[in-house]
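User: I am new to reading protein structures and would like to learn how each label is justified. Could you take me through the reasoning step by step?

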Amino acid sequence: MTTILHPARVVVLLFAGAILAGTLLLMLPLASASGQGAPLMVAFFTAVSAVCVGGLAVVDTGTYWSGFGQASIMVLFQLGGFGMMTAATLLGLMVNRSSRLRTRLIAQTETRSLGMGDIASVARVVLTVSVLLQLVIAGILFVRLRAGYDLAWGEAAWSALFHAVSAFNNAGFSLHADSLTRYASDTLVLLPIMIAIVVGGIGFPVLHDLRHRLRDPRHWSLHTKLTLTGTLFLLVGGFVTVLLFEWNNAATLGALSTPDKLMNSMFISVASRTAGFNTVDYSVLTPETWALHYLLMFIGGGSAGTAGGVKVATVMILVLLVVAEARGQSDTEAFGRRVGMAAQRQAVTVLVLGSVIVALGTVALLRISHFPTDQIIFEVIAAFGSAGLSTGITAQLPASGQLVLALLMFIGRVGTITLATSLVLGKRRMPYRYPEDHPIVG
């Protein structure tokens, strides 16, 4: 009797297999600049961070790894960003040749598109948008790095490609030890990277919808409208809040000109949700800005994109649920549509479980490390949300602490995928219902 793997398990195995392969690659002497091969913990943590597009690092990517090692890391976060959807579809064909439905569901596990859409069409959008945008962004960065910083042709080309791919996949890996701090006053570098981050993190279902109905917003799906509305609110809100809290902070925005303050505030708002790049030292941000980052990193980006977090649409559904309850409405509505009860329950489940995971991770790191609570919370949420940002303590954590962060990155990337699929595929209609009761709430 042939055993058919659950689609959620297929995705977990694919991610785990990619991490294993990446660890072995990075342990090769060829992968490190010293030629001695990376220790197991360094290779494993880097592979997890790359595949899960977590962005956290325990060594400097630009100096520790050789060209081969850097290329391997880029391939890993490229796979983690969008390649797993195609791989899951192919594996579904292998494990069940005759089940067309299961093949579609496996692909939808990664895309979070829970309807029975055209998977081949979505895959084409993934491939076309990803490759074209990354090449365009890389071309723009190459011209700027070559002309503005007098880099050699090869160095400019490699730096441009690496950062373009990293930005689109919201991976947060940089070839510079200071991330993008050296470009804090260069709009021609920061703006293309911001565009790549937003497009990659908005979600492929949204891009697919916009591709077919760009000039007809009335017929956009509710998911697209919720994601775009929530993203705009978070970007503007983050921008204004960062300006407010960091304007006079001499260690961050205070020393910059007004135009640079505006540009860097927007960059922080864009990158903080999941991209992992930074143009200022995060260890010297004000406590208020740290608190803002807790929220932005936890929410993350759009479903089925390269971003992490519990997703914008999830939070938007919960906001609508609260608004409907406050108004005494029986239905949760937005843009002339009613949000299904199943989607509301899934959103609550994802948010609650995400909060529990962050709380457990915080307690675990507090137990095994000596760093302040606010830094630990920042690190935990950054790992879970695949945000890639750090207050500078990642490399200083003990091996057990780094393993906790690796587990959080894996759960944050794979857990929400498998949970959403399990909730959909595991739903069944019971032949009976218990009598209704009304416990006291609040």
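Analyst: Let us begin with a rule: a charge sits over a ring if NZ of Lys or CZ of Arg is within 6 Å of the ring centre and within 35 degrees of the ring normal. Please keep in mind throughout that this is a predicted model.

User: What makes Lys261 count as sitting over the ring of Trp247?

Analyst: The charged end of Lys261 is 4.1 Å from the centre of the Trp247 ring, and the distance part of the rule is satisfied because the limit is 6 Å. The charged end of Lys261 is therefore listed as sitting over that ring.

User: How many aromatic pairs does a search of the whole structure find?

Analyst: The search finds 10 aromatic pairs. In one of them, Phe298 and Phe384 have ring centres 5.9 Å apart, with 25° between the planes. The pair links distant parts of the chain, with Phe298 in helix α12 and Phe384 in helix α15, 86 residues apart.

User: Why is the pair of Phe298 and Phe384 called stacked?

Analyst: Two rings pair if their centres lie within 6.5 Å, and planes under 30 degrees apart count as stacked. With 5.9 Å between centres and 25° between planes, Phe298 and Phe384 meet both conditions, so the pair is called stacked. Both of these residues are also buried. Elsewhere, ring pairs link Phe77, Trp158, Phe162 and Phe173 into a cluster.

User: How do you know that Asp186 and Arg144 form a salt bridge?

Analyst: The rule asks for a side-chain nitrogen of Lys or Arg within 4 Å of a carboxyl oxygen of Asp or Glu. The closest N and O atoms of Asp186 and Arg144 are 2.9 Å apart, so the pair qualifies. Asp186 lies in the loop between α7 and α8 while Arg144 belongs to helix α6, so the bridge ties together parts that are 42 residues apart in sequence.

User: Which label, buried or partly exposed, does Asp186 receive, and which does Arg144 receive?

Analyst: Buried means under 20% relative accessible area, exposed means over 50%, and partly exposed is in between. Asp186, at 5%, is therefore buried, whereas Arg144, at 27%, counts as partly exposed.

User: What makes Asp209 and Arg213 a salt bridge, and where do the two residues lie?

Analyst: Their closest N and O atoms are 2.4 Å apart, which meets the 4 Å limit, so this pair is a salt bridge. Asp209 and Arg213 both lie in helix α9, 4 residues apart, about one turn of the helix. Asp209 has a relative accessible area of 3% and is therefore buried, while Arg213, at 33%, counts as partly exposed. By the rule used here the count comes to 3 salt bridges, among them one between Arg182 and Asp178, with 3.5 Å from N to O.

User: Why is Ser386 called buried, and what is Ser386 in contact with?

Analyst: The relative accessible area of Ser386 is 0%, which falls under the 20% limit, so Ser386 is buried. Ser386 is found in the loop between α15 and α16. Leaving aside neighbours within four places in sequence, the contacts of Ser386 include Cys52, Asn170 and Gly308, and the side chain of Ser386 reaches the backbone oxygen of Cys52 at 3.2 Å.

User: What is noted about the phi of Asn170?

Analyst: Asn170 has a positive phi of about 55° although it is not a glycine. Asn170 is located in the loop between α7 and α8 and, with a relative accessible area of 0%, is buried. Phe335 likewise has a positive phi of about 55° without being a glycine, but Phe335, at 45% relative accessible area, is partly exposed.

User: How do you know that the span of helix α13 agrees with its number of residues?

Analyst: The expected span of a helix is 1.5 Å times one less than its number of residues. For the 16 residues of α13 this gives 22 Å, and the end C-alpha atoms are 23 Å apart, which agrees. The buried residues of α13 include Val312, Met316 and Leu320, and what covers the buried residues includes α10, α12, β1 and α14. After α13 comes Gly328, whose phi is positive, near 75°.

Technical notes: Residues are numbered from 1 along each chain as its sequence is written. This is a predicted model: local features need pLDDT of at least 70, side-chain atom pairs count only at pLDDT 80 or more; totals for chains, interfaces and linings use all residues. Side-chain values use heavy atoms; hydrogens and water are left out. Buried means under 20% relative accessible area, exposed over 50%, partly exposed in between (1.4 Å probe, protein chains only). Contact means heavy atoms within 4.5 Å. A polar contact is a pair of N or O atoms within 3.5 Å; within protein, one must be able to donate a hydrogen and the other to accept it, and residues adjacent in sequence count only if both atoms are side-chain atoms. Rings of Phe, Tyr and Trp (its six-membered ring) pair if their centres lie within 6.5 Å; planes under 30 degrees apart count as stacked, over 60 as edge-to-face and the rest as tilted.
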